[in-house]
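Student: Please take me through one part of this model in detail. I would like to look at one helix and what it packs against.

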Amino acid sequence: MSEVRKYVNKMFAGYPKNEETLDLKEEVIGNLEAEMEDLVINKGFSAEQAFKVSTEKMDKLDGVIEGVQTIQLNKVMVEITQWLLLYLLVAWIVSIPLNIYSSLRATSWLLFILIIIIGIFYIVLKFSGGFLTNDLKNINLGLLKKWQKVIWIIWTLFIVGQWGMITAVYFGSDIWFGRTISFDGPYQFGQIVTSYLAPLVSIIIPLLMNRLRQMLILGGKQRTYEE
């Protein structure tokens, strides 16, 4: 049994072993293991140091079990904005080589504009000092989990709808009249493929929701890795 699992099992020992608590325990274990792996691989921490840093913030389990977590709003806002900026940057970088296709060009420019806007907001948020209050806020984790599922469902329906419309535009008449689907050349094929790829950029929204819930479960604290 891993040290993380032993540690979390000990923390949960005094709580009822119902389905919700067991699910939460596995989620906490997964989040801690992922954070430790990041510290070891990307920050050069030893396994012992990573374990210590990752578990230091797990001191308010009562609130998590009861479905309410207390957070500092400004720290959560700074970190979630940082993650949003990272996701946008990755999506924009991936889109750059595909700018030759008009179907993705507008998406690439939109990402660039959003990066500038979110980047400015992040700088103001991080360095403005009283922009957000340091007051503690109570967050209902159960409600947040429901919204997380709803957002994933909405995103899935959005992608299905978008792909359905794209298919109708490019292949509707061929399918209707039973003709063989063909392409005029590599460029048209690339244009169609990027048309299907463009809506996938919206996955940033549910991914950000996942990241937010992980942060709140781990205490809603911004990670600091100083030894």
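Tutor: This is a predicted model. Start with the face that helix 5 turns to helix 9. From helix 5, the residues in contact are Val76, Glu79, Ile80, Trp83, Leu84, Tyr87, Leu88 and Ala91. Across from them, helix 9 supplies Ile204, Leu207, Leu208, Arg211, Leu212, Met215 and Leu216. By class, this contact holds 13 nonpolar residues, 2 charged and no polar ones.

The spacing of such a list has a general background. An α-helix has 3.6 residues a turn, so residues three or four places apart point the same way.

Now the geometry. Two packed helices are described by the angle between their axes and the distance between the axes. Here the axes of helix 5 (residues 73–95) and helix 9 (residues 204–217) come within 10 Å. They cross at roughly 150 degrees. The crossing is right-handed.

Next, follow helix 5 to Ser95, which belongs to that helix. Ser95 has 5% relative accessibility, so it counts as buried; the cut-off for buried is under 20%. Leaving aside residues up to four places away in sequence, Ser95 touches Leu104, Ser108 and Leu111. With Ser108 there is also a polar contact: the two side chains meet at 3.0 Å.

For another buried set, look at helix 8 (residues 186–197). Gly190, Gln191, Ile192, Thr194 and Ser195 are buried there. Their cover includes helix 6 (102–127) and helix 7 (141–177). The length of helix 8 checks out too: at 1.5 Å a residue, its 12 residues should span 16 Å, and the end C-alpha atoms are 16 Å apart.

Key. Residues are numbered from 1 along each chain as its sequence is written. This is a predicted model: local features need pLDDT of at least 70, side-chain atom pairs count only at pLDDT 80 or more; totals for chains, interfaces and linings use all residues. Side-chain values use heavy atoms; hydrogens and water are left out. Helices (H or I, at least four residues) and strands (E, at least two) are DSSP runs, numbered from the N terminus. Buried means under 20% relative accessible area, exposed over 50%, partly exposed in between (1.4 Å probe, protein chains only). A polar contact is a pair of N or O atoms within 3.5 Å; within protein, one must be able to donate a hydrogen and the other to accept it, and residues adjacent in sequence count only if both atoms are side-chain atoms. Contact means heavy atoms within 4.5 Å. Axes are lines fitted to C-alpha atoms, for helices over the stretch in contact, and angles run from 0 to 180 degrees between N-to-C directions. A crossing is left-handed if the near helix is turned anticlockwise from the far one by less than a right angle, and right-handed if clockwise. Ala, Val, Leu, Ile, Met, Phe, Trp, Tyr, Cys and Pro count as nonpolar, Asp, Glu, Lys and Arg as charged, and the others, Gly among them, as polar. The expected span of a helix is 1.5 Å times one less than its number of residues.
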